Structure formats: structure tokens, C-alpha cells
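Trainee: I'm new to this one. Could you pick a single part and walk me through it closely, then show me how the aromatic rings fit in?

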Amino acid sequence: MPSLEAWQWVLGALCAAGVGVAKTGVPGFGILAIPLMVFVVGDARASAGWLLPILCVADIFAIVYYRRHVQARRLFGLAPWVIGGMTVGWLALGLRDDVLRPIVGTIVLFMVAAHVWRKRRGARIVGGAVHSAAFGTVAGFATMVANAAGPVMNVYLLSKRLPKEEFVAAGAWFFFLVNLSKLPFYGVRGMITAPSLVYDLCMLPLVAGGAVLGRVAIKRLPQGIFEVAVLGLTTGAAVLLFR
């Protein structure tokens, strides 16, 4: 068992439940778990390894819940760029965490600002190779260095103006495949250990409970409020990356 104080277990439980809610109901909410997990583990880089299996389990809940709404074709154009971004992120893992996070945060805030600007102008749905290349590369880089691709993908999917169920379904498949592919890389880096896996097993009931709450929340949220909530939480998450 990992040697954690009572308050660390409680904080970790909140993180696990929040990830469950985010994956099935309110995307962007789970990004708050990234800085909070640093307090639980006491090390920013190690906390990413502790959190990754929890993310994978929550992704499975989302895939099962929204299997009828998935639009896989919307993700095909991102795939090669995500792989490229993950490769760069793998190489960048040798850099200090306080260098990497502000870079990701700055990029996300720029993307949020660009999305709001385009929406105010009534621009058409964004597409094209350049658009996919930019978001795919940044998402791959952000997910590898900090489990922080959530804000990037939220802005990308908002730009597609998807119904909320398709939004969550597309994100679920994207993150499940990406997070699953990261497991061996984190293992090689020593970021996933026996104590971290025991901790993750203890958190499974909290992830499941959060996933149920998220499922209830998305049914009650109107589409407009859903989009505003995602954008607001994404902005807040990007700001937290500077801390």
C-alpha cells in the first residue's frame, strides 16, 4: 500500500470521482485532477503515472455509455499528428515540469481565444489539414508530458459543433486509445509502480461513482450550457497549468 496521509486519500478520491464525471458528463472537469494529484503524490511527473490508469478506466465507462453516438471518422485526420506530437512529448519528458506546463497552458489559452473569436464572427465549422495538424500535434504533446490533452481536444471538438453526446463519445475513444498507448512509455520511465497501481485499484469505486454522476449530469444539461461549461472549465484548466 502507498504511504499516504488521510487527507491525501481524500483528495485522491475526489480526483478519481472528478475524472469519472468528466469522462461521461462534463469534459474539462477532470483536468482539475492533474494539479490536485500533484499534492497527493508530492511529485508532478510521478503523479501523471498514478493518474493514467484511472483515466483509462474512466475512458472505458464513457465508451460503453456512448457507444451509439461515436463518430470515429472525426478522429482519423488527427491520428498521424497525435503520434507525432506524442513522439516530441516523449523526448521532452526529460525537461523540467515547470517548463513544460506553461508551454501547454499558453497554447491552450491561444486556442480558446481563437475559438471564441471565430464563434463571435459566426465562422463556419472549422476543418482542413492545417486545423487537424495543429490540434493533433499539440494534443499528442500535451497528453504525453502532462496528461493535459483534455483542454486541447475540448476546443477541437467544440469547433466541430457536435451534439453533446457525440462530443463525449468522440473524446472517449480518442483518450482511450491515446492513454492506452502511453502505459508502456510511462512504465519504462518508472512513472507507474506497484504502489501506484494499488492506489489506482482502491480508486476504482470512486471512478465508477463519478461516471454515473456524469451520465446523469449530461442528460440534464442543455446544449448551450454544456458548451459554455466546457469552455469555462477548459480555460480554468489551462490557467492551472501555469502553477
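Mentor: Sure, and keep in mind that this is a predicted model. Let's start with the outward-looking side of helix H5: Pro80, Ile83 and Leu91 are exposed there. On the other side, Val82, Gly85, Met86, Gly89 and Ala92 are buried. Looking down the axis of H5, you'd find those buried residues within an arc of 115°, so they line one face of the helix. Here's the background: an α-helix has 3.6 residues a turn, so residues three or four places apart point the same way. The length of H5 fits too: its 14 residues, 79-92, should span 20 Å at 1.5 Å a residue, and the end C-alpha atoms are indeed 20 Å apart.

Now for the rings. The whole structure holds 6 aromatic pairs. In one of them, Trp50 and Tyr199 are tilted, with 5.2 Å between centres and 50° between planes. Trp50 belongs to helix H3 (residues 44-65) and Tyr199 to helix H10 (residues 194-220), so this pair ties together parts 149 residues apart in sequence. Trp50 counts as buried, at 10% relative accessibility, and Tyr199 is buried at 0%. Phe135 and Tyr156 make another tilted pair, with centres 5.5 Å apart and planes at 55°. That one links helix H7 (residues 129-146), home of Phe135, with helix H8 (residues 150-159), home of Tyr156, across 21 residues. Both Phe135 and Tyr156 are buried.

Going back to Trp50 and Tyr199, they form one aromatic cluster with Trp9. Charges meet rings as well: the charged end of Arg189 sits over the ring of Trp90, 4.4 Å from its centre, while Arg215 lies over the face of Tyr66, 5.0 Å from the ring centre.

Key: Residues numbered from 1 in each chain as written. Predicted model: local features only at pLDDT ≥ 70, side-chain atom pairs only at ≥ 80, totals over all residues. Heavy atoms only, no water. Helix = DSSP H or I, 4+ residues; strand = E, 2+ residues; numbered from the N terminus. Expected span 1.5 Å × (residues − 1). Buried < 20%, exposed > 50% of the residue type's maximum accessible area, 1.4 Å probe, protein only. Arc of directions from axis to C-beta. Phe/Tyr/Trp six-rings, centres within 6.5 Å; stacked < 30°, edge-to-face > 60°. Lys NZ or Arg CZ within 6 Å of the ring centre and 35° of its normal.
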